[in-house]
Amino acid sequence: MTISLSFDPSFDFDDHQLVEVRIERILPGGSGLAHADGRTLLVALAAPGDRLRVKIDRTKGNVDFASIEEIIEPSPLRVEPPCPYFGRCGGCDFQQLNYQAQLDAKVEIVRDCLRRIGGIESPPDFQVTPAPNQWHYRSRAQWQYDSIRKRLGYFEAGSRRVCDVADCAVLAPELQQTLSSLRERMRDGLLPEDARDFRALVGDEGVWVAPPVRVDSATVKPDTIDRGLSPTVGAGSHSHARDVTRTIHGETYRLNAESFFQTNADLLPQLIDAALSDAGGEAAIELYCGVGLFTLPLARRFTTLIGVESNESAAAFARENLANAGLANAKIVNEDVANWLENLECAGRDGALDRRPKTRQLTDRRQSHEIQSDVVAAALERIDFLLLDPPRTGAESRVINGILKIRPKRICYVSCDPATLARDLKKLIAGGYTLDSLTAFDMFPQTHHVETVVHLTA
Ligand SMILES: C[S@@+](CC[C@H](N)C(=O)[O-])C[C@H]1O[C@@H](n2cnc3c(N)ncnc32)[C@H](O)[C@@H]1O
């Protein structure tokens with residue numbers, strides 16, 4: 001039986017209503033789309049084709065947010081989620097879909113964002129490259145800690161309550177052992193009471209954990225990383241003794257759990273190849289460069305390169321990684337991307353962006369704008385290639401405006417959020433860029449997240 005959901009201003013959110021729906025498709029954000037009695041429903045943890053009895057949890061405008069009460073007829077795409085915390089833990093929201101259905105949903109999610117948000121009706125054809133490992137792929141994790149209730153795990157879906165997780169099916173085996181080890185210490189009362197979360201990162205040498213956890217009261221090894229899987233060390237700042245090394249696609253990166261690094265290393269060589277494509281030339285800029293994942297390979301292809309990164313520790317690692325690779329042609333600026341672009345713009349407005357001989361530009365404008373390096377001066381010339389890999393929130397308007405002023409010949413946008421990607425592409429395309437190609441990678445199996453790489457030309 002279908003219960004009418006026609007809009008009633010006296011609708012009582014606590015009076016949870018049940019309604020029967022058929023799921024049409026998966027939307028950006030991961031929910032299943034359904035319609036009933038003129039209303040739109042977004043159903044969590046659904047599969048396309050499911051016939052469901054759902055409960056309306058909350059309503060916003062004409063949209064009801066619902067959860068599954070009963071699966072009346074399961075979709076053929078549905079599988080039994082193997083994780084015992086599925087539905088409670090806020091982590092993996094795609095475990096109910098078979099793997100091909102997850103990939104197909106991600107193609108639709110990207111297309112939907114490009115069309116609805118980006119106004120891009122016919123994007124280039126693309127597929128989502130599958131992950132070699134659909135489970136046990138995460139080499140970075142953040143575990144929430146509730147010291148009062150003695151819970152360690154992830155936040156529950158839509159809440160700040162900690163879901164106590166003993167086994168997580170997407171963690172790399174080393175991290176699973178670290179989690180188990182931390183849980184033993186939690187039981188023994190050995191975790192720092194004031195810790196709110198623990199971040200862990202797998203490196204070639206072992207696992208790095210922050211904040212630091214003592215192995216036992218007698219033996220603390222503050223300057224080493226256990227080759228075994230006990231969490232022993234961690235440091236809040238850039239510290240050589242407490243870093244880990246990752247070797248990706250022939251390049252070596254030092255970093256710690258405080259700096260951003262891609263969660264899934266399996267697809268990184270393909271991601272780097274797709275982002276750099278056949279790029280090469282004189283001058284390149286990389287915005288949001290982190291510890292230098294793309295910076296090192298870019299520095300091998302361009303005469304000069306500037307990387308911009310606001311996190312001090314990540315910028316320091318990027319510099320160290322370039323130096324260790326013997327790459328002196330790249331400069332890392334530790335600054336907010338929007339501010340850095342505006343400073344460049346100031347330099348341009350004051351004359352440095354004109355086409356006078358380079359020597360004159362350098363002497364004129366260097367000091368007043370604290371633009372001190374030859375590499376930065378090169379940014380004031382025509383840029384061959386600009387790569388940006390912003391956080392989930394995408395690039396601010398000030399950033400897109402700054403890019404349009406520099407007007408690089410080619411742009412590569414690496415994105416972990418198709419919605420903000422589409423928003424930013426719309427502005428770049430309105431600014432005169434053409435979308436050449438699009439590639440996507442399943443860096444986050446069992447979740448609705450997808451990594452996308454887009455190339456544009458001026
Ligand atoms: C998605 S990560 C990409 C990092 C790097 N490309 C990688 O793959 O390892 C985004 C990076 O942007 C940095 N970031 C975030 N907001 C920023 C801002 N406003 N200005 C400069 N960097 C920023 C973060 O610290 C982070 O290192």
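Before the ligand, one term: a polar contact here is a pair of N or O atoms within 3.5 Å. Keep in mind that this is a predicted model.

With that cut-off, take Glu309. One of its polar side-chain atoms sits 2.6 Å from an oxygen atom of the ligand, and because the limit is 3.5 Å, that pair counts as a polar contact. Gln262 also uses its side chain: an N or O atom there is 3.3 Å from a ligand oxygen atom. Val337 takes part through its backbone, where a polar atom is 2.9 Å from a nitrogen atom of the ligand. On its own the ligand has 600 Å² of accessible area, and the protein covers 87% of that.

Now the wider surroundings. How many residues surround the ligand? There are 16. The closest are Glu309, Ser310, Asp336, Val337 and Asp389. By type, the shell around the ligand holds 8 nonpolar residues, 4 polar ones and 4 charged ones.

Next, a sheet. It is open and built from 6 strands with mixed pairing. Reading across, the order is β1-β5-β6-β4-β3-β2. Why do β1 and β2 each have one side without a neighbour in the sheet? The strands β1, residues 18–22, and β2, residues 25–26, stand at the edges and each has a single partner strand, so one side of each is left free of a neighbour there.

Further in, look at β3 and β4. Strand β3 covers residues 32–36 and strand β4 covers residues 39–43. The two pair in the antiparallel sense, over 5 bridges. For one residue to find on screen, take Ala34, whose bridge partner in β4 is Leu41.

How values were computed. Residues numbered from 1 in each chain as written. Predicted model: local features only at pLDDT ≥ 70, side-chain atom pairs only at ≥ 80, totals over all residues. Heavy atoms only, no water. Near = heavy atom within 4 Å. Polar contact = N/O pair within 3.5 Å; in protein donor to acceptor, adjacent residues only side chain to side chain. Areas by Shrake-Rupley, 256 points an atom, 1.4 Å probe, with all protein chains shown as cover. Nonpolar A, V, L, I, M, F, W, Y, C, P; charged D, E, K, R; others polar. Pairing = 2+ DSSP bridges. Helix = DSSP H or I, 4+ residues; strand = E, 2+ residues; numbered from the N terminus.
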